[in-house]
Amino acid sequence: MNAPLRRVGVVVMVLFGLLFANLNWIQAYKADEYRTSDYNGRVQVAEYERRRGNIEAGGTALATSKETSGELKYRRTYPAGAKYAHVLGYKPVNLADTGIERFENDFLAGTSDALIANRVKDMFTGDQTGGGNVLLTLSKRAQDVAYEQLRNNRLDVPRGAAVAVDPRTGAVQALVSIPSYDPNPLASHDTNEATAAYNKLEGDPAGPLKNRALGEVLPPGSTFKIVVAAAALENGVGQGTEIPAGSSYTPPTSGTPIRNAAASICPESEVTLMNAVTESCNTGFAQLGVRLGADKIKEKARQFGFEQEDLTVGQLGEGGHPVAASRTGSMENADGGDDPAALAQSSIGQRDVRMTPLQGAMIAASVAHRDGTQMRPYVVRQLLAPDRTTSYYTAKPRELRQPISGQVAGDLREMMVSVVENGTGRNAQIDGYTVGGKTGTAQSAPDRPDHGWFIGFALDKDGNPVSAVCVVLEQAGPGGSAEAARIAGQIMRAAIADPGGR
């Protein structure tokens with residue numbers, strides 16, 4: 001054999017080798033991905049042969065499957081429409097699924113390893129046992145109130161979010177983002193209709209597909225003062241300690257003065273920490289932040305949950321809705337030392353500080369908890385078999401972290417209660433319950449109205465926490481924080497009235 005033929009033979013052998021290697025790679029490593037791909041039509045038809053399990057809250061089915069006469073036997077439906085959309089997500093035919101529909105897909109579809117006994121039984125009976133059922137922690141009353149109050153708020157603000165959690169367990173009682181969307185058209189078996197519905201939502205400048213409760217961050221304004229107050233309490237400052245205040249404060253190296261929201265707020269040269277929280281004294285907290293230093297404030301924020309990259313809300317310890325990381329931003333200068341101007345602005349929740357509504361609710365929940373513990377948030381309460389006789393998962397609350405001691409939590413509770421009883425959070429009061437909170441007004445942009453925030457909690461007559469909440473109204477303008485406090489009070493009242501949601 002001459003040299004050219006030998007070279008051709010070697011090339012052919014190499015090509016065959018690569019071909020076999022590729023075939024083995026596909027069979028060994030990619031087979032499952034291709035088999036379960038959303039683009040695999042045969043998989044889709046097979047998946048829709050089995051009735052998908054329900055997603056429920058408070059004994060009410062929020063996502064169900066209805067039989068059709070088409071090639072795809074069952075269609076996913078959402079009876080409550082937009083009210084639960086950002087929790088449930090949607091299960092489409094030709095688009096990527098989202099929310100609980102995605103995170104619990106295997107169990108809902110009946111393909112989970114936990115349900116293998118049902119599939120084995122079906123092999124002998126010829127039946128198609130339905131998928132498992134997912135029960136959520138949501139309080140139906142609290143969710144309904146949160147949605148209606150946000151959507152029909154008294155300021156006609158079109159964008160905002162609310163999150164309520166049980167401070168004792170971390171169970172999510174309500175989670176709403178507005179504007180919302182109706183997931184039913186997205187689950188249509190008419191793929192053209194579903195695609196058109198998705199494109200319309202995706203192109204809406206109001207961003208109805210955004211989960212503002214978990215996935216969006218905004219400057220938190222004065223609600224961040226609770227973090228600064230916690231750092232102060234741990235560093236020699238007490239409720240009655242006098243701190244510098246005044247009508248105006250210009251940080252060193254800055255020509256821009258910081259002022260209070262009104263001339264009547266802490267005009268004195270000094271006020272107690274209690275009064276600074278109650279009145280929401282910007283000049284007091286700006287100076288307090290500069291005194292404490294960037295390291296102490298950033299570390300305390302981190303202990304509350306800022307900068308956490310991997311938090312999800314679903315099952316405990318499992319995947320779920322991803323949560324955007326809340327940030328403190330830079331408070332240092334180019335040399336690594338404290339930047340007083342940046343530090344002063346950050347200490348009142350401005351500049352680069354950003355927070356999710358969930359993080360705000362978790363701060364309030366930590367303060368409400370007797371020993372300052374922050375519980376891991378979750379929204380999946382239980383996984384039930386298709387016939388509802390067997391539970392495959394029941395949530396067991398877990399501690400996430402302890403950002404503050406019981407003593408500091410007690411001091412913060414008293415100051416936050418003072419805000420609701422004597423200060424800017426009066427709209428959140430609930431008869432028969434002790435309510436604490438903190439309002440926040442955060443600048444959004446020079447030509448846009450301010451955001452309105454409220455974080456707070458409710459305690460029963462024995463001092464036990466029953467709900468913690470955060471409400472934000474984007475670009476709400478004057479009165480935004482007062483309206484957020486009112487809505488928060490309504491949500492907590494609904495959670496209290498719904499024993500099935502606690």
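1. Cavities. A search of the whole structure, a predicted model, finds four cavities of 30 Å³ or more. A cavity here is a set of points on a 1 Å grid over the protein atoms alone where a 1.4 Å probe fits but cannot get out. Grid points are joined across faces, edges and corners, and a volume is the space filled by probe spheres set on the points.

2. Largest cavity. Its space is about 100 Å³. The lining, meaning residues with an atom within 4 Å of a point, consists of Glu 47, Tyr 48, Arg 50, Arg 52, Ser 65, Tyr 74, Arg 75, Arg 76, Lys 91 and Ala 109. Strand β3 (residues 74–77) gives the largest share, three residues. Strands (E, at least two residues) and helices (H or I, at least four) are DSSP runs, numbered from the N terminus.

3. Character of that lining. Six residues are charged, three nonpolar and one polar. Asp, Glu, Lys and Arg count as charged; Ala, Val, Leu, Ile, Met, Phe, Trp, Tyr, Cys and Pro as nonpolar; the others, Gly among them, as polar.

4. Second largest pocket. A pocket is an open set with protein on both sides within 12 Å along at least five of seven lines. This one holds about 470 Å³ of space. It has 20 lining residues, and Arg 259, Asn 260, Ala 261, Asn 282 and Thr 441 are the closest to its centre. Two elements, β9 (258–259) and β17 (434–442), give two or more residues to the lining. The largest share, three residues, is from β17. By class, 12 lining residues are polar, five nonpolar and three charged.

5. Backbone to check. Most residues other than glycine have a negative phi, and most peptide bonds are trans. Three sites deserve a look against that background. The bond from Ile 178 to Pro 179 is cis, with omega near 0°. Pro 179 sits in the loop between β6 (172–178) and α8 (191–203).

6. Positive phi, two sites. Thr 253 is not a glycine, yet its phi is about 75°. Its loop runs between β8 (248–249) and β9. Cys 266, also not a glycine, has a phi of about 30°. This residue is in the loop between β9 and β10 (270–272).

7. Which of the two is buried, and which exposed? Thr 253 is exposed (over 50% relative accessible area, 1.4 Å probe, protein chains only), at 72%. Cys 266 is buried (under 20%), at 0%.

8. Basis. Residues are numbered from 1 along each chain as its sequence is written, and side-chain values use heavy atoms, with hydrogens and water left out. In this predicted model, local features need pLDDT of at least 70 and side-chain atom pairs count only at pLDDT 80 or more, while totals for chains, interfaces and linings use all residues.
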